[in-house]
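Subject: A structure for you to explore

Hi there,

Here is the structure I promised to pass on to you. Have a look at it first, and then read my notes underneath.

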Amino acid sequence: MKQGVILNGGFAAWAFAELADDLARDLNLKVVATPGDYNYVLSWDEKDQDTLAKSFIPYKAMKLASDKRLLAKVFNENSIPIPHTYLLANYQAVVDFILSNSGQWCIKYPIGC
């Protein structure tokens with residue numbers, strides 16, 4: 001019988017370890033470092049098409065979710081309204097921006113979910 005797994009392997013697996021354990025408990029699945037029959041991918045360094053095709057979430061969606069810059073590009077290309085986004089190069093640029101602009105701000109690191 002084919003089974004689903006939580007795929008959490010590769011360089012960044014440590015960052016998703018707690019989430020992997022929570023999902024495994026809640027979904028009654030095993031956490032593995034190599035692909036299974038059906039994969040809920042949290043972290044994996046390889047990009048072979050067979051494993052990606054067996055992923056619960058499409059690879060393209062994972063890439064978009066992991067990089068807000070890519071997401072902003074897709075939203076802009078499709079005229080989807082979004083809050084104003086400013087990409088600032090360093091901490092001082094953030095401080096300068098906040099001091100020279102009134103309003104409320106949500107500051108996010110540009111990569112990562």
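Below is what I found, starting with the core and ending at the surface. Please keep in mind that this is a predicted model.

**The core**

Which residues make up the largest nonpolar core? There are five of them: Ile6, Ala20, Leu23, Ala24 and Leu42. Helix H1, which covers residues 17-27, supplies the largest share of this core, with three residues. As background, nonpolar side chains in soluble globular proteins tend to be buried together.

Ala24 is a good residue to click on. If you set aside the neighbours within four places in sequence, Ala24 is in contact with Ile6, Leu29 and Val31.

**The salt bridges**

How many salt bridges are there? The count comes to four, and I will walk you through some of them.

Let us stay with helix H1 for a moment. Asp22 forms a salt bridge with Arg25, and their closest N and O atoms are 3.4 Å apart. These two residues are three apart in helix H1, so about one helical turn separates them. Asp22 has a relative accessible area of 29% and is therefore partly exposed. Arg25, at 58%, counts as exposed because the cut-off for that class is over 50%.

Arg25 also forms a salt bridge with Asp26, again with 3.4 Å between the closest N and O atoms. Are Arg25 and Asp26 buried or exposed? Both are exposed.

Another salt bridge is found in helix H4, where the side chains of Lys73 and Glu77 meet at 3.3 Å, N to O. Lys73 and Glu77 are four residues apart in that helix, about one turn. Glu77 has a relative accessible area of 54%, which means that this residue is exposed. Back among the bridges described earlier, shared partners join Asp22, Arg25 and Asp26 into one network.

**A nonpolar patch on the surface**

Now for the outside. Tyr86, Leu88, Ile98, Trp105 and Ile107 make a nonpolar surface patch of about 480 Å². To find Tyr86, look in the loop between helix H4 (68-77) and helix H5 (91-100). Why does Tyr86 count as partly exposed? Its relative accessibility is 45%, and partly exposed residues are those between the buried class, under 20%, and the exposed class, over 50%.

Try colouring the core residues and the patch residues separately as you go through these notes. Have fun with it!

Best wishes

Technical notes
Residues numbered from 1 in each chain as written. Predicted model: local features only at pLDDT ≥ 70, side-chain atom pairs only at ≥ 80, totals over all residues. Heavy atoms only, no water. Patch = residues over 30% accessible without salt bridge, like charges linked within 9 Å, V, L, I, M, F, W, Y side chains within 5 Å. Areas by Shrake-Rupley, 256 points an atom, 1.4 Å probe, with all protein chains shown as cover. Buried < 20%, exposed > 50% of the residue type's maximum accessible area, 1.4 Å probe, protein only. Core = buried A, V, L, I, M, F, W, Y, C linked by side-chain atoms within 4.5 Å. Contact = heavy atoms within 4.5 Å.
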